[in-house]
Amino acid sequence: MFSAADHDFMARALRLAERGLYTTSPNPRVGCVLVRDGAVVGEGWHARAGEAHAEVHALQAAGAAARGATAYVTLEPCNHHGRTPPCVDALLAAGVGRVVAAMADPNPLVAGQGLARLHAAGVVTEHGLLEHEARELNIGFVARMTRGRPWLRLKAAASLDGKTALANGESQWITGAEARRDGHRWRARACAILTGVGTVRDDDPQLTVRDVETTRQPLRVVVDSRLETPPTARILDGGPLLVIGAVADAARAGALAARGAEVLLLPNAAGKVDLSAALAELARRGINEVHAEAGARLNGSLLREGLVDELLLYLAPCLVGDAARGLFDLPALAALADRRQLQWRDLRPVGADLRLIARFAE
C-alpha cells in the first residue's frame, strides 16, 4: 500500500514532468523526486531528447544525500543505452534504496527490465502509483509504443449548430481569441499538426505555434493526394513540412521540394492517401501525438477509418444556419443504433466559448 506521503511525492514528480510538455518529443515526459527521511533532497525532469533524463537531474541535485533515498519517478527507469546512458546505472551508483515508478515503460527496450534489474540489485521497487495520471501525460508515447500509431487528437471550432464555416468558406473567426490561444497550447504539445489540402487552399494557414512560448515547432503534415498544395502557400514557411500524396507528379513534387517540403507517396487502392499507413509512418519517425486541424472531408475520413482517438471541440455561442459547412463528412445512418458513442472527458468555458474533450466509448 502506498502512503499519503507517497502520493504527494509522486504528484510532485508528475508536476515536474509536465514542464517538458512541449519539448521532450519523441521521448516521454518524465519527472523524478528524491526523498530521504521525509524531505526532498533532489528533483528534476526530462527537458528534451538527447539531454539528461529526470533521474540524472535529481541525482545531481541530491549529491551524497541520494544514498538510501526513495526515488519517485513517473516512468520506469530505462535500462538501455540510447542517446544517454541507462538511468538504472545512475540510480544504483548513487545507492538509492527504493524506487517507486508510476508506470512500467511500454517501450519494448525497457518493458519491466529497469525495475527488474533494480530489484535484483537489492533496491525496493514498486509501481502503479498514480498510473492513470502518468499514462495520460504520455498518452501519445504509450500509443506509439503499444500499437505503432500516434495518438490522434482532432481539433475543430464550430458554431453551436455544428458549423465550421459559411458556405462560401469564410471561417475567421467563429470562436474568440481565448479559444484560439488555448488551441495553440494543444498544438504546442503535439509532435505533428495534420491538415488536408482543402484547408490549405481555402484558409492558407501557417499551422505553427504562435500564441504560446515554445522552443519547438511541430512537424506540419498535409494530406494531398494529387500534390495540389500551392507553392506559394504559407504552410511552406516557418518550419518542416511533409506532404503526403498518392499520385506521382514530378513537376508538382519538384516545386514543393524546391520550397523545402518533403514529399512522400502513400497511395491506397482507391488512389487516395492511405491514412493508416501515413500514421504508421509518423510513428516510425517518432511522432507521439498528432493534432489534426482539417476540413469536414479529411475529418470524416479519419473518423470512418477509426483513426481518431480524441475530439477537441470549441463551440461558439452563435448560430450560422444549415447551409454552412459542417464538422464531419460522414455517411448517413440507417438506424440510431449504428451511431458511435462518445464519452465526455472534459467540459469547460474558455473565454466566451465552450471547450469539449471527448473520446470514443470502448
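**A nine-stranded sheet and its helices**

In this predicted model, I193 has H291 in strand 12 as its bridge partner. That pairing belongs to a bigger picture: strand 8 (residues 192–196) and strand 12 run parallel and are joined by three bridges. Both strands sit in an open sheet of nine strands, ordered 11-10-9-8-12-6-13-16-15, with mixed pairing. At the edges are strand 11 (262–265) and strand 15 (342–350), each of which pairs on one side only. Ignoring direction, neighbouring strands in the sheet are turned by 20° against each other on average. Helix 11 (residues 296–304) packs on this sheet, where it touches strand 6, strand 8, strand 9 (219–223), strand 12 and strand 16. The direction of helix 11 makes about 115° with that of strand 8.

Now for helix 6 (residues 139–147), where I139, G140, F141, V142, A143 and R144 are buried. What do these buried residues pack against? Their partners are two helices, helix 5 (131–137) and helix 10 (275–284), plus strand 6 (151–159), strand 12 (289–292) and strand 16 (353–360). Right after helix 6 comes G148, with a positive phi of about 70°.

Elsewhere, helix 3 (residues 87–94) and helix 4 (residues 113–120) make a pair: their axes come within 10 Å and cross at roughly 20°. Angles under 35 degrees count as roughly parallel, so helix 3 and helix 4 are roughly parallel to each other. The crossing of helix 3 past helix 4 is right-handed. On the helix 3 side, V88, D89, L91 and L92 take part, meeting G114, R117 and L118 of helix 4. Sorted by class, this contact has four nonpolar residues, two charged ones and one polar one.

Terms used
Residues are numbered from 1 along each chain as its sequence is written. This is a predicted model: local features need pLDDT of at least 70, side-chain atom pairs count only at pLDDT 80 or more; totals for chains, interfaces and linings use all residues. Side-chain values use heavy atoms; hydrogens and water are left out. Buried means under 20% relative accessible area, exposed over 50%, partly exposed in between (1.4 Å probe, protein chains only). Helices (H or I, at least four residues) and strands (E, at least two) are DSSP runs, numbered from the N terminus. Contact means heavy atoms within 4.5 Å. Axes are lines fitted to C-alpha atoms, for helices over the stretch in contact, and angles run from 0 to 180 degrees between N-to-C directions. Angles under 35 degrees count as roughly parallel, over 145 as roughly antiparallel, 65 to 115 as roughly perpendicular and the rest as oblique. A crossing is left-handed if the near helix is turned anticlockwise from the far one by less than a right angle, and right-handed if clockwise. Ala, Val, Leu, Ile, Met, Phe, Trp, Tyr, Cys and Pro count as nonpolar, Asp, Glu, Lys and Arg as charged, and the others, Gly among them, as polar. Two strands pair if DSSP finds at least two bridges between them.
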